[in-house]
Amino acid sequence: MVRQVREERSGADVASRLIARSILSPVTGFLREAGFTHSLTPARNCTFGCTYCYVPTLRIYAGLQREDWLRWGQFTTFKDNAAQLLARELRADQRVYCSPLVDPYQPEEAQRRLMPEILASLAGRPPAVFCLQTRGPLILRDTELLSRIPGMRVSFSVTTNRESIRRLYEPHCASFEERLAVIRLLRSAGLNVFATLAPLLPCDAEELAEAALEATGNDLIGDPLHVWGVKKTGATTRPEAFKIAARQGHAQWIDPEFQNEIVQRIAATAATAGRRFITGPAGFALLSRASCVPTQAATERPERTLRPS
């Protein structure tokens with residue numbers, strides 16, 4: 001049996017913890033095609049609570065309980081023994097993605113501080129590749145620990161350059177400017193960091209791409225919002241995001257043809273800068289390559305002036 005203990009904090013904010021049986025899961029589908037062997041999910045449910053998040057649409061197939069998908073974003077459950085399990089389960093040939101089911105630097109992590117424990121285990125027994133997928137500026141707290149881990153790379157989510165759009169679809173997430181600043185700081189610390197434009201929310205496509213390219217110095221990774229017209233099975237965008245799109249006149253952003261136009265525009269902008277914009281598993285494969293080398297520090301490049309959204 002998994003042991004779970006609930007910890008009330010303040011108001012509606014609730015954090016729980018459980019004792020897990022294992023922490024690394026062999027991957028299938030998208031992540032396997034991208035070159036990863038395992039995933040690591042340090043918690044269940046995510047207090048960023050993004051309206052578009054595909055995880056609650058997976059329900060029990062994402063290891064969720066009914067309360068998780070009904071109250072997505074309202075609480076989280078940390079796997080309290082994740083670091084101890086990880087120290088036992090890590091192998092030198094693994095390529096680990098953290099995480100397809102929760103943001104490891106969600107807001108509640110500021111209090112729990114589970115990630116420093118996990119990173120310490122990784123530093124002691126590093127896999128071939130460890131990729132952190134996040135949109136959380138809290139990652140900067142752990143920069144020194146991240147720098148100790150060979151094969152570390154960070155995929156930082158950047159979804160739109162319009163602040164009004166961010167407030168509609170992901171109100172608990174950092175602004176566009178703050179995300180760019182985090183990417184630059186991680187890069188200046190010598191970390192290999194990618195800007196992942198996923199999901200692509202309503203934005204100024206060329207401006208978004210130019211800013212992400214300047215901040216990261218790497219090829220760009222991305223994907224539009226999941227829609228059944230393209231992706232027939234598996235995870236999809238939460239209904240909440242579709243409702244917002246309908247109310248706000250953003251329906252074209254969930255139209256596959258228009259999505260493809262946006263992808264092509266971003267790809268053209270990247271090509272002008274001598275870089276690529278790659279979507280799907282081929283894009284995420286950039287994160288699983290053991291030979292991936294950090295680019296020149298962002299602090300050595302001139303900053304550009306961004307047009308207000």
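In this predicted model, helices α9 (residues 176–188) and α10 approach each other to within 8 Å, and their axes cross at roughly 25°. Angles under 35 degrees count as roughly parallel, so α9 and α10 are roughly parallel to each other. From α9, the contact draws on Phe-176, Leu-180, Ile-183, Arg-184 and Arg-187. From α10, it draws on Leu-208, Ala-211, Ala-212, Glu-214, Ala-215 and Thr-216. By class, the α9 and α10 contact holds seven nonpolar residues, one polar and three charged.

Helix α10 also packs against helix α12 (residues 256–272). Here the angle is about 40°, and the axes are 9 Å apart. The two helices, α10 and α12, are therefore oblique to each other. Their crossing is right-handed. On the α10 side, the contact residues are Ala-205, Glu-206, Ala-209, Glu-210 and Leu-213. They meet Ile-262, Arg-265, Ile-266, Thr-269 and Ala-270 of α12. Six residues of this α10 and α12 contact are nonpolar, one is polar and three are charged.

A further helix pair is formed by α4 (residues 82–89) and α6 (residues 114–124). The axes of α4 and α6 come within 8 Å and cross at roughly 15°. That angle makes α4 roughly parallel to α6. The crossing of α4 and α6 is right-handed. Ala-82, Ala-83, Leu-86 and Ala-87 are the α4 residues in the contact. Their partners in α6 are Leu-114, Glu-117, Ile-118, Ser-121 and Leu-122. The contact of α4 with α6 comprises seven nonpolar residues, one polar and one charged.

These helices belong to a protein with 13 helices and twelve strands. Of its 309 residues, 55% are buried. Contacts across the sequence were also examined. Among those between residues at least 6 apart in sequence, 76% join residues at least 24 apart.

The largest nonpolar core has 78 residues. Within that core, Leu-119, Leu-132 and Leu-197 have the most contacts. Helix α10 (residues 205–216) gives the largest share of this core, seven residues. A second, separate core has 13 residues, among them Val-27, Tyr-97, Ile-278 and Leu-286. Leu-132, in the largest core, was examined in more detail. Residues up to four places away in sequence were not counted. Beyond that range, Leu-132 touches Cys-98, Pro-104, Tyr-105, Met-115, Leu-119 and Ile-139, among others. Its contacts also include Leu-146, Met-152, Arg-153, Val-154 and Ser-155.

Strand β6 (residues 75–79) contains Phe-78. Thr-77 is found in β6 as well. Phe-78 has 4% relative accessibility and so counts as buried. Thr-77 is buried, with a relative accessible area of 0%. Both residues have partners that are distant in sequence. Thr-77 and Ala-15 are 62 residues apart along the chain, yet their C-alpha atoms are separated by 5.8 Å. Phe-78 and Pro-42 are 36 residues apart in sequence, with a C-alpha to C-alpha distance of 6.2 Å. Neighbours within four places in sequence aside, Phe-78 contacts Ala-15, Ser-16, Arg-17 and Leu-18, among others. Pro-42 and Ala-43 are also in contact with Phe-78. So are Gln-106, Glu-108, Glu-109, Arg-112 and Leu-114.

The backbone was examined for unusual geometry. Most residues other than glycine have a negative phi, and most peptide bonds are trans. A cis peptide bond runs from Cys-98 to Ser-99, with omega near 5°. Ser-99 sits in the loop between β7 (95–98) and α5 (109–112). Ala-198 and Pro-199 are likewise joined by a cis peptide bond, with omega about -10°. Pro-199 is placed in strand β10 (residues 192–200).

Positive phi values are found at two arginines. Arg-59 has a phi of about 55°. Arg-59 lies in the loop between α2 (55–58) and α3 (66–70). With a relative accessible area of 44%, Arg-59 is partly exposed. Arg-113 has a phi of about 60°. The loop between α5 and α6 holds Arg-113. At 43% relative accessible area, Arg-113 is partly exposed.

Terms used
Residues are numbered from 1 along each chain as its sequence is written. This is a predicted model: local features need pLDDT of at least 70, side-chain atom pairs count only at pLDDT 80 or more; totals for chains, interfaces and linings use all residues. Side-chain values use heavy atoms; hydrogens and water are left out. Axes are lines fitted to C-alpha atoms, for helices over the stretch in contact, and angles run from 0 to 180 degrees between N-to-C directions. Helices (H or I, at least four residues) and strands (E, at least two) are DSSP runs, numbered from the N terminus. Angles under 35 degrees count as roughly parallel, over 145 as roughly antiparallel, 65 to 115 as roughly perpendicular and the rest as oblique. A crossing is left-handed if the near helix is turned anticlockwise from the far one by less than a right angle, and right-handed if clockwise. Contact means heavy atoms within 4.5 Å. Ala, Val, Leu, Ile, Met, Phe, Trp, Tyr, Cys and Pro count as nonpolar, Asp, Glu, Lys and Arg as charged, and the others, Gly among them, as polar. A nonpolar core is a set of buried Ala, Val, Leu, Ile, Met, Phe, Trp, Tyr and Cys residues joined through side-chain atoms within 4.5 Å. Buried means under 20% relative accessible area, exposed over 50%, partly exposed in between (1.4 Å probe, protein chains only).
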